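Here's a quick briefing to read with the model open next to you. It starts with how the chains meet, then moves on to sheets, domains and charged pairs.

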2 protein chains.
Amino acid sequence: MQEELTQLLYDALEKQDTLQLEQLVGDLQPADLAEFLHQESIETSLKLLTHLPINRRAEAFGYLDVPTQIKLAQAMTEEGLAQLFMHMNADERADLFNEMPEERQQGVLRRMAKEEREDLRRLASYEEGTCGAIMTSDYVTLPQGVKVNRALEIVRQTAPNAETIYQIYILDAAMQLVGTVSLRELILAKPTTEVDTVMTSDVVSVSVHELQEEAARKISRYDILALPVIDDQQRLVGIITYDDAMDVAEAEATEDIHKGASVGPLDEGFAKAKISSLYRRRINWLVLLVFANILSGAGIAFYEEVIESYVVLVFFLPLLVASGGNAGAQASTLMIRGLATGDVGARDWGKLLGRELIVSASLGLTMAVAISGIGLWRGGMDIAQIVALSMFAIVIVGSMIGMSLPFILNKLGWDPATASGPLVTSIADIVGVLIYFAIASMVLDLPLPG
Amino acid sequence: MQEELTQLLYDALEKQDTLQLEQLVGDLQPADLAEFLHQESIETSLKLLTHLPINRRAEAFGYLDVPTQIKLAQAMTEEGLAQLFMHMNADERADLFNEMPEERQQGVLRRMAKEEREDLRRLASYEEGTCGAIMTSDYVTLPQGVKVNRALEIVRQTAPNAETIYQIYILDAAMQLVGTVSLRELILAKPTTEVDTVMTSDVVSVSVHELQEEAARKISRYDILALPVIDDQQRLVGIITYDDAMDVAEAEATEDIHKGASVGPLDEGFAKAKISSLYRRRINWLVLLVFANILSGAGIAFYEEVIESYVVLVFFLPLLVASGGNAGAQASTLMIRGLATGDVGARDWGKLLGRELIVSASLGLTMAVAISGIGLWRGGMDIAQIVALSMFAIVIVGSMIGMSLPFILNKLGWDPATASGPLVTSIADIVGVLIYFAIASMVLDLPLPG
């Protein structure tokens with residue numbers, strides 16, 4: 001249905017059918033309208049936006065990504081932009097504000113009402129990545145001791161401007177958060193009781209300085225609609241809603257997935273990323289890994305004489321080292337995601353390492369059997385024995401490295417996700433080369449090189 | 001604060017302090033209580049649960065994973081279990097029901113009221129992974145044409161049993177979904193207007209047969225609190241709430257991350273996974289990749305004479321093929337995640353491939369320069385030239401493979417995530433070996449083997 005609407009919109013745009021246009025824009029979901037705007041020119045986008053009443057305009061505008069918002073904002077009059085600012089969600093406009101050129105910031109601030117201006121300044125002041133930076137200030141509060149019927153009246157009055165009215169916060173005289181109550185609980189409570197008797201006083205909250213991921217984690221764990229954010233004096237300063245938490249969780253998962261392949265965080269998303277930024281996010285690790293792989297080469301060079309006597313050994317080199325790397329990448333990936341979702345804790349290491357030993361020994365055994373036949377065919381009994389033994393040992397060692405590295409990084413206070421597939425694979429490769437040729441030298445009864 | 005509570009709970013358990021216990025259990029968040037129960041014995045868990053009033057007991061029970069729920073359910077009396085069932089969320093109890101032994105199912109059904117029984121049977125009948133399987137039947141509906149004040153009365157009456165009362169659905173006489181209204185809109189509307197005039201008739205919904213991911217995607221895209229689920233006759237049959245969508249999104253991200261390292265989906269989570277199930281989820285790809293890597297070995301064997309004449313070439317083999325694989329894994333990971341989040345569409349391939357050509361050429365050039373010095377040092381001018389040229393070509397080709405494979409899989413109707421890091425690396429390895437030795441043969445003016 002949404003696709004049809006978009007098509008109709010294109011047709012109306014082409015025909016310059018203003019009446020049709022106005023009706024279509026009114027029917028579209030803000031998210032769909034935003035996607036449409038992303039693909040259009042600045043002029044078309046501005047024209048379309050003006051067909052919307054200011055509330056819906058601000059809503060659709062909020063769904064655009066910040067670079068597009070900036071482009072549109074630059075093309076608006078200062079008056080038009082200030083009006084848009086007054087109707088945008090407090091958190092979204094603070095994000096936009098932070099990316100605007102300074103003279104434009106000042107111009108807009110000048111045209112805003114004092115209260116809104118101060119609110120914007122405050123929200124825009126928190127460091128990126130913290131709870132403060134994604135919280136909004138549009139929520140409903142109640143003073144302690146208020147009666148339920150009066151509380152419902154307050155909710156009704158605040159409703160048009162609050163981001164949510166379904167979770168309501170109760171403050172004491174010092175503006176400290178003392179409890180929370182859902183609109184459902186208010187509706188079901190007797191009108192003459194005090195909110196204090198229906199509220200929950202064990203409130204799950206985050207500090208304004210905590211990382212966004214922590215807010216997303218709590219919202220997901222406790223199924224919270226809107227998480228209160230408090231400052232160092234326990235005063236309520238904002239809320240983070242479930243939809244923002246979903247966006248944070250998605251961005252975090254994307255970052256972890258990219259890290260898993262040794263790609264740095266892309267601020268602007270993959271589709272829109274510039275060539276230079278893609279280059280920068282990828283080159284560091286690639287070059288670093290080249291130097292790690294030189295060690296594999298050095299390992300091979302160390303056994304040059306063995307290779308010269310038995311060139312057939314080189315045939316099995318790629319598949320043996322790759323198998324250790326693959327098993328290691330599996331183990332590290334399982335571990336990193338387990339740590340990220342909280343499924344696994346740092347104290348579980350010993351237990352998990354023990355389990356991995358059994359799992360990897362089983363994997364190694366299966367693969368040793370699979371490969372020994374080929375060893376026999378290509379190089380005879382000795383080679384089959386070397387290849388099977390090496391496979392078994394390399395898969396176990398690779399898996400142990402993969403399982404341990406994220407834990408060690410975690411202990412050192414680093415991001416366990418740094419133990420990416422390519423890094424684990426490179427380390428497993430080096431170890432794999434050494435194991436393979438050591439076993440080969442032993443079985444073939446060759447003197448140690450050097 | 002939650003950690004402290006848990007500690008107190010342990011102390012009270014040890015001291016058998018029932019009064020203290022009761023108070024503590026009452027203060028705990030259901031999610032925290034569930035985590036505590038996960039670590040305790042069945043007996044302790046049952047004892048703790050009985051300290052809770054039935055509503056909170058059902059809520060905490062709903063936070064447990066299904067295997068733990070089953071263990072506890074088996075230890076309860078049929079009467080106790082039926083009572084719990086009557087108070088659980090409709091979607092959670094259907095999940096539990098589906099995993100119970102059949103005689104237990106029958107026993108519980110017999111003790112439930114007719115309406116609840118039919119609801120449970122219906123919800124439990126949908127296939128796993130579909131929207132039907134995660135939807136709940138506890139929502140508020142209004143008939144078309146009802147006045148706002150009457151609507152608010154209906155909401156108040158239904159409130160205690162609905163999973164959410166904040167999004168309300170308007171049905172026509174045929175039970176078809178004709179619109180939706182938020183509680184906020186109802187509260188702000190004039191009491192005497194008809195709901196039809198305040199409702200939104202362009203409702204975003206999913207079909208009961210659609211995949212869960214689709215529901216999660218829509219909820220995230222449109223910031224929906226509760227998404228209506230309709231059957232083939234456009235009748236409303238359930239809703240999916242944002243908190244369930246968050247769980248689905250997290251599980252999907254975990255599955256994609258695991259797939260990225262060639263690990264199959266683990267139903268029970270990594271921490272609790274059995275050795276046999278970890279083995280099964282990892283062995284298939286590992287063995288498959290061994291056989292892919294045999295092709296690399298065959299490529300090396302094909303150039304055996306070249307290697308025998310220039311053993312120094314083997315020194316650079318691991319780092320060259322690894323670089324192609326790493327660049328390819330980066331590209332495929334960026335692409336797979338882009339496709340999964342909707343950041344990238346199938347029609348973007350051409351454009352992205354062109355960009356990747358420039359990015360990978362820059363990466364390849366940088367790495368060629370980095371490695372040529374080592375080539376010069378280890379093997380002289382010829383080797384430096386071979387290694388630099390090979391690096392440049394291998395990084396570009398590896399990246400192109402990584403960027404294309406997810407797209408091709410997508411076109412074939414397969415999951416693009418199948419183009420895992422290890423698979424792309426293996427393919428890039430084979431191609432890397434061939435490129436390297438072909439360039440070496442050319443530069444060293446060796447006859448082609450064979």
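A salt bridge here is a side-chain nitrogen of Lys or Arg within 4 Å of a carboxyl oxygen of Asp or Glu. By that rule, the count between chain A and chain B is six salt bridges. Keep in mind that this is a predicted model. The contact between the two chains takes in 107 residues of chain A and 107 residues of chain B.

**Where chain A meets chain B**

- People often quote the size of an interface as the accessible area lost when the parts come together.
- Here, about 10,000 Å² is buried between chain A and chain B, and carbon and sulfur atoms give 65% of that.
- For a salt bridge to click on, try A:Arg282 with B:Glu356, where the closest N and O atoms are 3.0 Å apart.
- On top of the salt-bridge count, there's a tally of polar contacts: 51 residue pairs between chain A and chain B, with both residues at pLDDT 80 or more.
- Which elements of chain A give two or more residues to the side that touches chain B? They are α3 (30-39), α13 (183-188), α15 (212-222), α16 (242-260), α17 (275-302), α18 (304-309), α19 (312-341) and α20 (349-411).
- α17(A) gives the most to that side of chain A, with 17 residues.

**The sheet in chain A**

- Chain A has an open sheet of three strands, ordered β1-β2-β3, and the pairing is mixed.
- The edges belong to β1 (141-143) and β3 (177-182) of chain A; each has a single partner strand, so one side of each is left without a neighbour in the sheet.
- Going from one strand to the next, the twist averages 30 degrees.
- In general, strands of a sheet pair through backbone hydrogen bonds, either parallel or antiparallel.
- β1(A) pairs with β2 (residues 167-171) of chain A in the parallel sense, over three bridges.
- If you want a residue pair to look at, A:Thr141 has A:Tyr169 in β2(A) as its bridge partner.

**The sheet in chain B**

- Chain B has an open sheet of three strands too, in the order β1-β2-β3 and with mixed pairing.
- β1 (141-143) and β3 (177-182) of chain B sit at the edges with a single partner strand each, so one side of each has no neighbour in the sheet.
- The twist in this sheet averages 30 degrees from one strand to the next.
- The pairing of β1(B) with β2 (residues 167-171) of chain B is parallel and runs over three bridges.
- Opposite B:Thr141 you'll find B:Tyr169, in β2(B).

**Domains of chain A**

- The domain assignment splits chain A into domain 1 (2-125), domain 2 (141-250) and domain 3 (275-443).
- How many Å apart are the C-alpha centres of domain 1 and domain 2 of chain A? They lie 29 Å apart.

**Charged pairs across the structure**

- Searching the whole structure turns up 32 salt bridges over all chains.
- One to check is between the side chains of A:Arg111 and A:Glu78, at 3.3 Å from N to O.
- This pair links distant parts of the chain: A:Arg111 is in α9 (residues 102-111) of chain A and A:Glu78 is in α7 (residues 78-87) of chain A, 33 residues apart.

Notes
Residues numbered from 1 in each chain as written. Chains lettered and ligands numbered in written order. Predicted model: local features only at pLDDT ≥ 70, side-chain atom pairs only at ≥ 80, totals over all residues. Heavy atoms only, no water. Domains from an automatic or database assignment. Pairing = 2+ DSSP bridges. Helix = DSSP H or I, 4+ residues; strand = E, 2+ residues; numbered from the N terminus. Axes fitted to C-alpha atoms, helices over the stretch in contact; angles between N-to-C directions. Contact = heavy atoms within 4.5 Å. Buried area = accessible area lost by both parts, 1.4 Å probe. Polar contact = N/O pair within 3.5 Å; in protein donor to acceptor, adjacent residues only side chain to side chain.
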